[in-house]
Amino acid sequence: MAERLKDAFKLSEASASAIANAVVDPSDVRASIGAADDPDVERIPVPGGTLLGIRTSVWARRTMPDPRNPRTLPSRRHPFAVEPGTGGEDSKFRPVPEPRPLDPDRPQSAELAVDIENSHHLAWASQQAARFVLAENDWRTSIESQGVMEAVWLVATTYQHGDGSEPVTTLTTVEGSSRDTAVHNLLGIRSADVPYDDQDAKFRAHIRRLNDAFERGERDKQTVVALRCERIPALILVGFRPHASGTTGFPTAVKSFVALRHVDPPKPWGEGPENESLADEVLDELYRRDLITGTQRDYYAGACTRAEAKAAHLPVDPVQRAAQIVRLFTSPDDGVEEAIRVAVTSQSTRKRITSKLMNELATALILRAVADDPAKIDQIRRYLRHAFGKAVHRSDWVATGRTTDQLVEAALDEVREAIGKGSTDEPGPASMELAIRASYPLVVTGRLNADRGSSGNAQPDRRTPGEILDTMRRSLHGVHQLGQALRDFDDGPLLRAVDEQGQVKRLADDSADQVVSDIYLRHEFPPPGKAKAARAGDTPMDRYHNALGALGAALLEVDHAFAGLTAVEGDDGQPLVDSQGVEPRLTDSWRELVSRLDEEMVVWARTFRKAYGTKRTAPANGDIDEDEQEDVDPYADTDEELTED
C-alpha cells in the first residue's frame, strides 16, 4: 500500500508508511486506489481546488489528535505576552505553530510539517489540548456506548524537532480531534506517544488478544470499550489538485475544508476560536502575497517574544503593536484588502468583509499580548472590538513610532487648528492614532466598557467605546486625557484623570489622585449637544461647567417639549398644532428668546475659537502666544452668521 501511495500521490516514504501502517486493511485500500495516473479516490471541492481522500478504517493507536486544536486558540499564552517557561504550566512552551508544507518546493503535496522544540514540547501541547477538549467538548460517554460514528479527517504530519532529534511522522487529525482525544482517553493512550511508538509486534499481539476475547464471547466493559474504540472511521487526505490558475497550497485547502465543516457543527467553535483562526489565515495570506515579512507575521500573531521583536526593530510596547494591527486591518491598500477577502472567504461562508469583522480579527491578534484569565480576556474582547469606529476605517492615518508626548503635541495642534477654523470635521491623523493607542489601556484595564445595559437596567449613555474615544480626540481636554492614560499605563494599572489643561486631578478631599472609570469618561466627554456632568466643587470653573450642564439639560427639555407638542393628535389623527396653530403672543416671545440665545451662542463659539484655536503650530508648552494670534473681535461678523429671522 505504501508503494501505491507513493506512485499515485507522490508522497514521501515516511508519509506513505504512516498511512499504510494506520489503515486496518491495507490490501483492500491498495486495490481501491486503482491506477496511479487516475486514482479512484474521493474528490472534495474546496476553495482553490480539489482535495483527494480515502475513506477507510484506521487503528486509533496509529492516529494523533491535533496538538493545536483550534478550540484552544483563545486560551493560549503567546510569547509576546508571557516569556515561555516563566508563566506556569500553561506557558511552559510556545504554542505549537501552524502546520506548513513538508516540502516548501511542493506546497500542494498532501503532507504537513510542524516545528516543535522537542518531544517534551509535543507532550505538553497534547496534554493542554486534551485537558481543554475533555472539559469543553467531551464525547467519551457517547463513544463508550457506540464507538466513533463519524469519520475523523487525517493528514500525514511530520513533527520536526528543534533539538536535532530525528523527525517523526504520523496521521494527525485536522477535524475530529475531540473524538480522537476521547478514544485515546478511553483506551488509556498517551496521544503524544503515538508518533514515537514503533513497537509493531506488541501492537499486533494486543489486537490478537482482543480478537480472541471476542471469539470467546467476553463482554466485560473494558473489552467492549476496546472493541468499539480500537478502530475508527477515517477520511485520509492524500492529495490536492489546485485549479489550473490557482496558487492555493495544501495547508490552506485543508484549513478551508475544516473551516467549512464547522459552519454548522455539533458544537461550534464559537466566536473567539473562529476569529482567531481567521486572523491567522489572514496573516498567512498576507505573507504568501509578500505584503508582510515572516517576522511581521510572527509579530502580529504574538508568536515571538518581546526580545525577538526588539531584535527585529519592532515595537515591544503592546500599545504600539495594537495600533499597527488595527492599521493593518483597516488599510486602504487594495492588495491588503484582497488578501483579507481571500483568506476570510476560504475559511468561511461570508460573502462580505465588513468593518465589524475587521475589528474582531484585529482584536483577536491584539489580545495575544494580554496574559490574563481567559474569562477576563473574553470580556475584554467583547469590549475592545467596539473601540474602533467608522472613522478608523475611513481616515487616512498611519501607525507611527512617535512617543506619547510627541503624539499628544501633534494631536493638540490638530485640534487647535480645527477649533480655529470652526470645523467639526476630522481633526487629523495624530488624534486618530492617539485614540487607537489609548483604547488598549483604557479597555484592557476596565476603564472603558461597551454597553452593559439590559432589559430593566437603565443606562442612558449607550455609546460604544469607539464613539467615546472619537469624542475625546476632538477636544483639547480629551487629547490630554488620552495621553495621560498612555503615560500611566506604562507606570502601573491606575489611569488618572486630568483637567482641561492636562493637570492630574485630585479627589475632593485631596487625599489622592482621581482615577478614571467608564462612568467618569462618559460624563466628562458627553455626546454633542450635552454638557459635562455636574461637578461637586465650588470653584468658578466648577460653577461654570455646572451652569453649562444646566443650560444643556434645559435645552434638551425644550426639544422634548417641542416634540411632545407636535405629537398631540386630534380626532382625525393629524397633529393639532398643524390645524390649531399657536397664539402669536406666545410664539413672538419664544422667537425673541430663541433669537437672543442664538446671537449669544454665536459669540460664545467665536470666543472659544479665539481662546483655544489656532491655525499655526502652538508652542511646545501648549500655551497660545498672544502676539502670534490674530486680534479678532468675537462680535465682528455676528450679524453675518445670523439668519434673517
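Q: What makes leucine 361 count as being in contact with residues beyond its neighbours within four places in sequence?
A: In this predicted model, leucine 361 meets Asn275, Leu278, Ala279, Val282, Phe329 and Val344, leaving aside those sequence neighbours. Contact here means heavy atoms within 4.5 Å, so each of these residues has to pass that test.

Q: Which residues have the most contacts inside the largest nonpolar core?
A: Leu361 turns up again here, along with Phe329 and Leu442. The core has 75 residues, and H19 gives the most to it, with 10 residues. There's also a second, separate core of 54 residues, which includes Ala2, Ala60, Leu210 and Val254.

Q: Why is asparagine 275 called buried?
A: Its relative accessibility is 2%. Buried means under 20%, so asparagine 275 makes the cut. This residue is found in helix H10 (residues 271-288). Leaving aside its neighbours within four places in sequence, asparagine 275 is in contact with Leu357, Glu360, Leu361 and Ala364.

Q: Why does lysine 202 count as exposed?
A: Lysine 202 has 56% relative accessibility. The label exposed needs over 50%, so lysine 202 gets it. You'll find lysine 202 in helix H7 (residues 200-215). Lysine 202 and phenylalanine 250 are 48 residues apart in sequence, and 35 Å apart in space, C-alpha to C-alpha.

Q: Why is H16 called oblique to H19?
A: The axes of helix H16 (residues 374-384) and helix H19 (residues 429-444) come within 10 Å and cross at roughly 135°. Roughly perpendicular stops at 115 degrees and roughly antiparallel needs over 145, so an angle of roughly 135° falls in between and H16 is oblique to H19. The crossing of H16 and H19 is right-handed.

Q: Which residues make the contact of H16 and H19?
A: On the H16 side, they're Lys376, Ile380, Tyr383 and Leu384. H19 brings Ser439, Val443 and Val444. Sorted by class, that's five nonpolar, one polar and one charged.

Q: What makes H4 roughly perpendicular to H6?
A: Helix H4 (residues 119-136) and helix H6 (residues 177-187) pack at an angle of about 100°, with their axes 10 Å apart. Roughly perpendicular covers 65 to 115 degrees, so about 100° fits and H4 is roughly perpendicular to H6.

Q: Which residues of H4 and H6 meet?
A: Ala130, Val133 and Leu134 in H4 meet Ser178, Thr181, Ala182 and Asn185 in H6. The contact of H4 with H6 has four nonpolar and three polar residues, and no charged ones.

Key:
Residues are numbered from 1 along each chain as its sequence is written. This is a predicted model: local features need pLDDT of at least 70, side-chain atom pairs count only at pLDDT 80 or more; totals for chains, interfaces and linings use all residues. Side-chain values use heavy atoms; hydrogens and water are left out. Helices (H or I, at least four residues) and strands (E, at least two) are DSSP runs, numbered from the N terminus. Buried means under 20% relative accessible area, exposed over 50%, partly exposed in between (1.4 Å probe, protein chains only). Axes are lines fitted to C-alpha atoms, for helices over the stretch in contact, and angles run from 0 to 180 degrees between N-to-C directions. Angles under 35 degrees count as roughly parallel, over 145 as roughly antiparallel, 65 to 115 as roughly perpendicular and the rest as oblique. A crossing is left-handed if the near helix is turned anticlockwise from the far one by less than a right angle, and right-handed if clockwise. Ala, Val, Leu, Ile, Met, Phe, Trp, Tyr, Cys and Pro count as nonpolar, Asp, Glu, Lys and Arg as charged, and the others, Gly among them, as polar. A nonpolar core is a set of buried Ala, Val, Leu, Ile, Met, Phe, Trp, Tyr and Cys residues joined through side-chain atoms within 4.5 Å.
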